[in-house]
Amino acid sequence: MTQIFSDLIRELAVLFLSVVSALPAIIGYVAIILLFMLAWRVIRNRLTRAQDYTSLKTVTFGDESAVISDKSASVISVVLVFVIWGAFTGSGWLPGFLHAPGPFVGEAEFVYTVEEGNGARDDAAVTVIVHRTGEVPETPEVPPGDGFAKNDVLIVQAYRTKLLRWDANDEATRNDGAKIVAINGVPLTREADVDTGFGRVALTDKGTLNFEPGKGWQMEDIWLPAPDSVWRRLLSISREGYQNVTLAEHLSYSLFRVIVGFLLGALVGIPLGYAMGLSNWFRGWFDPIVEFMRPVPPLALIPLVIIWAGIGEQGKIILLFLAALWIMAIAARAGVSGVAISKVHAAYSLGASPLQIMRHVIVPNSLPEIFTGARVAMGVCWGTVVAAELVAAEKGVGKMIVAASKFQDTDVVLMGIILIGIIGFGIDMLMRRCERWLVPWKGRI
Amino acid sequence: MSGLEIQDVSMRFDLPNGGHVQALQNVSLSIKQGEIMSVLGPSGCGKTTLLNIVAGFLAPTEGEVVLNGHRVEGPDAERGMVFQQGALFEWMSVRDNVSFGPRMAGKRAAEWRENVDHLLDVVGLQDFKEKMVYELSGGMQQRVALARCLANDPDVILMDEPLGALDALTREKMQGLVLKLWKETGKTIILITHSVEEALLLGEHLLVMAPRPGRIHREYHLPFADLGVGKDLREIKKLPDFGERREEILGMIWDMEEEIMGRSEEAA
C-alpha cells in the first residue's frame, strides 16, 4: 500500500514538472489572446461603436446575459490554430516569413583536425549534405586534399544523425593511434560537442564522429504533419482509399454501426423507460439493473462483448445498443415522470381515457426529455464506436487511424481525428435541428 | 334531483411517520344547479382537497359527493377543471387545446368547429386560434383554459385559483369574463380563491373554511355576483355592503391565521 502511494507521488511529481515546463507556452498563448483582444478592440472602435443594449450596460461583470460568444474571437482562434500548426510544420499554405526556423537542409562543410600518435596534426574537410525525408541526393566527388587526413562526404537525412568513420580514407587511422582533437579549430572532447552552426558534431566512445544536423523549431512530419499534407492525404484517400478500403467505406461502416446501435437502443430503451415511468412494479424491477448499468462505461464492456460476440458487426452493434439503451431508458423514464399531474388531471376531466392520455399527453410531454437523451446517446455511441474500432475491427474510422498509427502515417491519423470530430459535431447539430423542428415548445413553458 | 350534494365528507391523510392529517372533517354542503360558489380560507384549510374530491381525483375517506342524483366515483367530463397554471398542452395549438374534449369523445371536426371558434371569440382569442400556447401571455393562457373547459360542456366547472397567477389588471378583466360566462352558460361553478374581494365579487354562495381539521366555518349568500354581471366591478366594490362584508370576512380569516401562528409558536 505504501509502495503504491509513493509510486503515485512520484508520478505526480513527473506530471508537475511537465506542466511547469509547458508554462512558457501557456503564458505565451494567453498573451497572444490578450494581444488580439486589444488589437480587435482598437480596430472595432475605429470602425463602428456598437450601440446595442449590452454595450449600454454599466455592470456586465458576472452578468450571464451580457456575456455572449464573440464571433470574431472564434474566427481568430480557429485561424490561429491553423497558423500555429502551419508555422511549426513549415506548411506550404503559409508565407515563408511566418514559418518557425526549420531544420537545416542543403550543403555545408566543417573541418576536422587529426592528431597522430607522434603529435603531428593535419586538417581535412567534410562536405555535409542534409536532405529531406524521401530525397536521395547524389554523392559529389571531392578532391582528397593534401596531408595524411583526406576529405570526406557525409549524407544525412534531416532530423536523423549519422556516424562518420573519418579514418576510412585517411592514411592515419584510429588503430594507429590517430584521433580527432578539434572541429573548425574548436577543441573536441568526449564531454564537449562542437556546434558548427548547421549541426552538432560529437565524439563517440570509439573515436568516430557523430553528426546531428540542426533541427530548428519545426516538427518532423512523423510527429506532426503540416495541415496541407493532411488535406492532400484526405483528397488522395477519398479517391484511392487507405489499405484497399475507401474512406467512404470506413466512414459508412462507422456511421452504420452508430445508427443501427442507437436505433435498437432507442427502440428498446424508450418503451422500457415508459414502463418504468408508468408502473411501480416495472420501476422496482428495472431500477437496480438500470442504475447499475448506467455508470458502467460502455468501453469497459468491449472485452466482454468481444468474448461473447467476436469482433464482427454483431459485437459492435451489441455494444452500441447497450451504450444507448440505458441513456434512452432513463430519458424516457424522466420524461414520463416529469409530466405535471395537473395536465393528466385536466385531460381526465375533459373526458379522455387512459389510452388517450398516454397518446395525447404523456408521450408528447416526454418528447423533449427523450430528445435530450437521444443527443447524449448519439454522442456516447459515436465515441464508443471509434474506441471499439480501435480495439478490433476490419473497417471503420477508428480502425483506419489505428492501422495508420502502426505504419506511422501520422497524417492519416490526424485526418481521421479531424473527421471524427467533424462528424460528431455534425450529428449533434442534426439532432438539435430535429429537436427545434419536432419539439419547438421545449424550454418554453 | 339536480345540483351538487357534498354529504358528510371527511378526508384523512396518513403520514409516513405514523401520524395523520385531518384535511377535511364532516363537510356537508349543497350547491344548486347554476350557482356560482366561491371558497375562501387560510392555507391548509382543505379547499383544494375538497375541490379534488368533487373533481374525482381523490376518494374521500368518509362520505360521498352526489351530482345530479349519482355518486361521484372518479374524474369525468361532466365536471371540468381549470387550474391555476392553465395546465395546457403546449404541444398543441390554441384551437387543438380547446377542442381536446370533443376530439377525445370521438367527435368529428364539423361537429365541434363552430362551437370552439365561438368560444375563442367569447374569450377574446379570435386572432390567436392557430398560435401555439407557449406564444401566449399568462392571461391569454388562462382564457384558453377556460374555453377548453367550456368546449366540453360540463355540468360543473371547478376552478382552483384560476386567476391567482395573473397581474391585478388582467385579473379584474378575467373576473368580469368569469361572471359573463357564468350568466351566459348557466353552469354551476365552484371557485377557490385567496382574494376576499374576488370571493365576494364572484360568489353568489360564499364558503369560508377553517383549518385543522378542515371544516366549513361560515356560509354566505350574497347579491354581488348577480349585480356585477355586465357591470364595472369597481362600482360593485364601492357599495357600502360590499365593504362591510369584506371587513367582516378579512377579520375572520385574520383571526384564524393568528390562531394558527399562536398554535405553531406553542408547539415550537
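Here is a short chat about a predicted model with chains A and B.

Student: Before we dig in, how are things numbered and filtered here?
Tutor: Residues count from 1 along each chain as its sequence is written, chains are lettered from A in the order in which they are written. The model is predicted, local features need pLDDT of at least 70, side-chain atom pairs count only at pLDDT 80 or more, and totals for chains, interfaces and linings use all residues.

Student: Which domains does chain A have?
Tutor: Domain 1 covers 106-213 and domain 2 covers 228-438, with bounds from an automatic or database domain assignment. Their C-alpha centres sit 61 Å apart.

Student: How many helices and strands in chain A?
Tutor: Twelve helices and nine strands, counted as DSSP runs (H or I, at least four residues, for helices; E, at least two, for strands) and numbered from the N terminus.

Student: Is chain A spread out or compact?
Tutor: Spread out: its radius of gyration is 33 Å, well over the 22 Å that the globule rule gives for 445 residues. That radius is taken over C-alpha atoms, and the rule is 2.2 Å times the number of residues to the power 0.38.

Student: OK, switching to the contact between the chains. How many residues does each one bring?
Tutor: Chain B brings 21 residues and chain A brings 16, where contact means C-beta atoms, placed from the backbone, within 7 Å.

Student: Which elements of chain B supply at least two residues each?
Tutor: β6 (79-82) and α3 (100-104) of chain B.

Methods: Contact = placed C-beta atoms within 7 Å.
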